[in-house]
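Reader: I'm at the bench with this one on my screen, and I'd love a close look at one odd spot in the backbone and at whatever surrounds it. Take me through it slowly, please, and keep it chatty.

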Amino acid sequence: MCKSKNNRIIRKGWKNMKKKLCYLILLSLMLIIPINAKALTGSVSITCDKESYGMNDTATCSVKGTSNEEVYSISASIVDTSNATIEFITDSAWQGNGDEGNIQLYTDTGKKGTFNIGTLKVKLKDTSTSDTSLGLEIKDVKFGENDGAEEDITASKATISFSQNTNNNDNQNNITND
């Protein structure tokens, strides 16, 4: 009879021990696996200073980024357009360049929120043509974090109009961002 009572006590103690072990394992997992993981998200936009340009004008378009976390590097491609020459001028906050449409930038101070990336200067190669709408696109955009991890970012497109009519409008109504 004494043995049976001891067995019940041992079994009851083992059940309590199992519960404590399960709680301990769950607590350990919660410490190992991050509960509130943040992911870098953002976008790039192209905004030109006028709605329409004369055939011999150079379009000036700003390239800006937006991010929810700090960005330490940017890589992207400017889609080649055979109708125009495109020059990318890096904003002074960044190091690197955008030679031949290949943007490779970095900074020691992370950028968060809305920030300048650079300026695009666009000029038609053949100004003897009739009115021209030029599609300008930045694609394959990646923002890099401090630890070197990169995230794909929403690309951007804009349409720039060049017209024989040089009555340029300072509005930005004809510019589309996708």
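Author: Let's start at E100, which is found in the loop between β5 and β6. Strands here are DSSP runs of E of at least two residues, helices are runs of H or I of at least four, and both are numbered from the N terminus. Keep in mind that you're looking at a predicted model, where local features need pLDDT of at least 70, side-chain atom pairs count only at pLDDT 80 or more, and totals for chains, interfaces and linings use all residues. Residues are numbered from 1 along each chain as its sequence is written, and side-chain values use heavy atoms, with hydrogens and water left out.

So what's odd about the spot? Most residues other than glycine have a negative phi. E100 isn't a glycine, yet its phi is positive, near 55 degrees. E100 takes that value in the hairpin of β5 and β6, where four residues sit between the strands. As for the surface, E100 counts as exposed because its relative accessible area is 86%, and the mark to pass is over 50% (buried means under 20%, partly exposed is in between, all with a 1.4 Å probe and protein chains only).

Now step from the loop onto its two strands. β5 covers residues 95-97 and pairs with β6 in the antiparallel sense, over three bridges; two strands count as a pair if DSSP finds at least two bridges between them. One place to look is G96, which stands opposite L105 in β6.

Follow β6 and you'll meet other partners. β4 is one of them: seven bridges join β4 to β6, and the two run antiparallel. Across that pair, E87 has K121 in β6 as its bridge partner. T85 also lies in strand β4, which spans residues 84-90. Leave out residues up to four places away in sequence, and T85 touches K121, V122, K123 and K125, where touching means heavy atoms within 4.5 Å. T85 and K123 are 38 residues apart along the chain, yet their C-alpha atoms are separated by 5.4 Å. T85 counts as partly exposed because its relative accessibility is 42%.

β3 is another partner of β6, and this antiparallel pairing runs over 16 bridges. Click on S75 and you'll find Q104 of β6 opposite; V71, in turn, stands opposite K111 in β6.

β3 has other company as well. Strand β1, residues 42-48, pairs with β3 in the antiparallel sense over seven bridges, and in β3 the residue K64 is the bridge partner of S45. β7 pairs with β3 too, again antiparallel, over five bridges. There, S73 has G144 of β7 as its bridge partner.

While you're on β7, have a look at D140, which has its place in that strand. Like E100, D140 is a residue other than glycine with a positive phi, here near 50 degrees. T132 is in β7 as well. T132 counts as buried because its relative accessible area is 16%. Its contacts, leaving aside neighbours within four places in sequence, are M55, L124, I160, S161 and F162.

These strands also come together around an empty space. A search of the whole structure finds one cavity of 30 Å³ or more (a cavity is a set of points on a 1 Å grid over the protein atoms alone where a 1.4 Å probe fits but cannot get out; lining residues have an atom within 4 Å of a point). About 40 Å³ of space lies in the largest cavity, counted as the space filled by probe spheres set on the points, which are joined across faces, edges and corners. Its lining is made of V44, V63, I74, A76, I103, I117, I138 and V141. The elements that give two or more residues to that lining are β3 (58-78), β6 (102-124) and β7 (132-144). β3 gives the most, with three residues.

Finally, zoom out. The chain holds one helix and nine strands, with the helix leading in the pattern α-β-β-β-β-β-β-β-β-β. Of the 178 residues, 29% count as buried. Take the contacts between residues at least 6 apart in sequence, and 72% of them join residues at least 24 apart. Then swing back to E100 in its loop between β5 and β6, and you've done the round trip.

How values were computed:
1 Å grid on protein atoms, 1.4 Å probe; cavity = no way out; pocket = protein on both sides within 12 Å on 5 of 7 lines; lining within 4 Å.
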